[in-house]
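Consider how the two chains of this model are arranged, and how the elements of one chain fit together.

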2 protein chains.
Amino acid sequence: MTAEIISIGDELLLRQVINSNQAYIGEQLHSIGVTVDTMTTIGDDLPKILNTFEQALSMHDVVIITGGLGPTHDDITRSAVCEFFGTDLVEDPDALANIKRIFASRRMDILEINRQQALIPRGCTPIQNAHGTAPGYWFERGEKYFAVLPGVPYEMTGMMESFVIPRLMQENQGKVIAHRTLRTTGIAESLLAHRIGSPDQLFEGLSDLSLAYLPSPLGVRLRITARAATRGDADEKLNTIEQKLRAIAEKYIYGVGDEELEQVVGTMLVDRGLRISVAESCTGGLLADRITNTSGSSRYFERGLVTYSNESKIYELGVPQSLIAQHGAVSREVAEAMAFGVRTKANTDIGLSTTGIAGPTGGTTEKPVGLLWIGYSDAEETLALRFDFGTDRRRFKERGAQAALELLRRRLLKIA
Amino acid sequence: MTAEIISIGDELLLRQVINSNQAYIGEQLHSIGVTVDTMTTIGDDLPKILNTFEQALSMHDVVIITGGLGPTHDDITRSAVCEFFGTDLVEDPDALANIKRIFASRRMDILEINRQQALIPRGCTPIQNAHGTAPGYWFERGEKYFAVLPGVPYEMTGMMESFVIPRLMQENQGKVIAHRTLRTTGIAESLLAHRIGSPDQLFEGLSDLSLAYLPSPLGVRLRITARAATRGDADEKLNTIEQKLRAIAEKYIYGVGDEELEQVVGTMLVDRGLRISVAESCTGGLLADRITNTSGSSRYFERGLVTYSNESKIYELGVPQSLIAQHGAVSREVAEAMAFGVRTKANTDIGLSTTGIAGPTGGTTEKPVGLLWIGYSDAEETLALRFDFGTDRRRFKERGAQAALELLRRRLLKIA
């Protein structure tokens, strides 16, 4: 089975909205063996929409459409669907009940534009929306499947998981594509590719495998794809390749699939019964934010101090004023003193710190914009490492928080 | 002039990479009056790529392609471009010099796969890459323009701004589309749409105008689009509509265009000569992170305390233990005591605080997951407001930090 994903909305053709829906739907369909080979984005333009529907349905078994079901005047997907299937609108009692329930829970009155969302094209199967007011539509035409979903991500994902994926799985038995992603950090894409070498050698003796490098500012992900008759066969191939990749790049691989680095170190801290506190200067709270994104982080995260001013470094963390005067606030010595200071003050097992020059201004020749010191302290050792993360302020903060979490991970594992 | 944007890469058809390039290119082209009416994403599949190139060039004046110029084996865009234009590869001396310069600055040796990136299709105009190794390609065929750019966002944006946009502006004189976006927060899309009413009434007496609602968890943006013969004429229409919208929804509009809420309040704090400190529980550092995303925030941001444990609320902020025992850590009283505590401890003009239940677990009937108290304290008043931001942990943190910044903005303006 092949699929096309079509996103509709003028806003998607400008910068205003970044489209994460297509990527999500693509992964969901791949996971059940449906190959997405085209994603298309078009505006709120009726002839263009009809033409795109026509082409997509002629070339693919599955067409998933998102966007343009909202309550405001610029949403025309519903009219286009009616025209394409030669039908008209009818009120769906379940959808209306859902809308009434949502407005009652918000203690708000229903407006006419809200009530209109209960209208669906006659002849479709409505897809109920657990997270919003607009229902989706499902059409079957012979062996072809056509789904229309809202553009709001959490509404769309709910409908994919509760309806579209189960329905398509019934229709697509016996063909399996499986993926596995290994997440690395601290190594450049070209260096990693050089280490791993040619895919032919990596896949020696096995067929229907591929490897993709997915670089981002926080690290390179390695995605292995295997095709096989059964899920078990595909998984076995993935296991073999994962083992080979780990033998080549073990140190840099911190997680698998969707695992974030903060989840990995969070689990390690819980397993070891350790608690942590952090003192941040240049990362400005992002390190604490990353750590506390994990549910249950209150078990190991005691406190974070964002000591932006010199005064706060001195009075909150006990960094000696003379140390700042002698070495500067951005220095190995101050990073170490911050990590030690927050650990002892918060009475935690580990202290982690950052101090650097986020820019875009404020650098010198000796201490350029992008310079970052990350400090680590536990009962046995206090140390700091130097990094250079460039002149883009936001990317500097993101790479700095990632490197601090990675330093923590490697200290917990006692690897360099 | 109309345009199609084509992104190439198997990784884009899965969830692994969210494509922000298309949105960026769309906005850039719109800003010079080139209308993007289609965005297409396809995999590393040669016949599909050639077919898509063919269709795109037959239907549009401008085709922009991104992706597949990287150093690893899974990048095939370059071969497809050669085949499409019936040409072969030739080494570009400027591109090779650029690659050597980059590797020298990183003190790294050039590998053969890096050197291959200096090969470009014979007959194209190379587009130099200021931020990476792979050059882009520019083809002109009659009145049609065809650009091939890398998929790495900051490399691609550099080439759009230095080459593609200036080149297309020479070719597209006299037609102007202008946009203006007003950013709101704290009001639901349907309520905002109800207040604003029908576009016909809003645009009364003016032509070639449109209004789009762009909702996100942090607020709804209103994008006005005007078409006119000159930029001045278009701007005049935008001014008129902006004034009307401000009369309708002034309180909720915090910024224009790309302005983030933290930049708006940062400017207000600088103008008023005020300094701020924050004490966060459930937002876990995200509020400090938002504030410190603004360059120059050290002028007004003194420190942030992420007081996750009760001990840290008591010892860092001086919240009375009895207050926590009586009302719980998530309460109006504790939010107020945190804001007051951090303000007096850091000796700043303003203190801001958050305490809530981020979930997904830990709620009770009386204090459900999603409950958030935001505290504010200055020399004249100390207060706290209650919010309910739902059960998704990350969205809760994001909406909480946004609401805290908005509360700060309204207190600085002395509006409710």
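The text below goes from the single chain to the pair, then to the shared sheet and one helix.

The model is predicted. Chain A has 15 helices and 17 strands. Its C-alpha trace spans about 80 × 65 × 40 Å along the principal axes. Of the 416 residues in chain A, 47% are buried. Contacts in chain A between residues at least 6 apart in sequence join residues at least 24 apart in 65% of cases.

Turning to the pair, two copies of a chain are related by a rotation about an axis and a shift along it. Here a turn of 180 degrees and a shift of 0.1 Å along the axis lay chain A on chain B with an RMSD of 0.1 Å. That is the relation of a two-fold axis. The interface residues of chain A are, to 100%, also interface residues in chain B, so the copies meet through the same surface.

Which strands form the open sheet, and in what order? The sheet has 10 strands, in the order β17(A)-β16(A)-β15(A)-β13(A)-β14(A)-β14(B)-β13(B)-β15(B)-β16(B)-β17(B), with mixed pairing. At the edges stand β17 (382-388) of chain A and β17 (382-388) of chain B; each has a single partner strand, so one side of each is left without a neighbour in the sheet. On average, neighbouring strands of this sheet are turned by 10 degrees against each other, direction ignored.

Helix α14 (residues 332-346) of chain A packs on this sheet and touches β13, β14, β15 (350-356), β16 (371-377) and β17 of chain A. The direction of α14 makes about 145 degrees with that of β15(A). Within the sheet, β13(A) and strand β14 (residues 301-307) of chain A run parallel and are joined by five bridges. Val278(A) stands opposite Gly304(A) in β14(A). From the other chain, helix α12 (residues 310-317) of chain B lies across β14 of chain A together with β13 and β14 of chain B, and runs at about 145 degrees to β14(B).

The strand β13 (276-280) of chain A also helps to cover the buried residues of α10(A), as do β12 (253-256), α11 (286-292) and α15 (393-413) of that chain. Those buried residues are Leu261(A), Glu262(A), Val264(A), Val265(A), Gly266(A) and Leu269(A). Helix α10 (residues 261-272) of chain A has 12 residues, which at 1.5 Å a residue should span 16 Å; its end C-alpha atoms are 17 Å apart, which agrees. After α10(A) comes Gly273(A), with a positive phi near 65 degrees.

Note on methods
Residues are numbered from 1 along each chain as its sequence is written. Chains are lettered from A and ligands numbered from 1 in the order in which they are written. This is a predicted model: local features need pLDDT of at least 70, side-chain atom pairs count only at pLDDT 80 or more; totals for chains, interfaces and linings use all residues. Copies are superposed by least squares on the C-alpha atoms of residues with pLDDT of at least 70 in both. Two residues are in contact if their C-beta atoms, placed from the backbone, lie within 7 Å. Helices (H or I, at least four residues) and strands (E, at least two) are DSSP runs, numbered from the N terminus. The expected span of a helix is 1.5 Å times one less than its number of residues. A residue is buried if 20 or more other C-beta atoms lie within 10 Å of its own, exposed if 12 or fewer, and partly exposed in between; C-beta atoms are placed from the backbone. Two strands pair if DSSP finds at least two bridges between them. Axes are lines fitted to C-alpha atoms, for helices over the stretch in contact, and angles run from 0 to 180 degrees between N-to-C directions.
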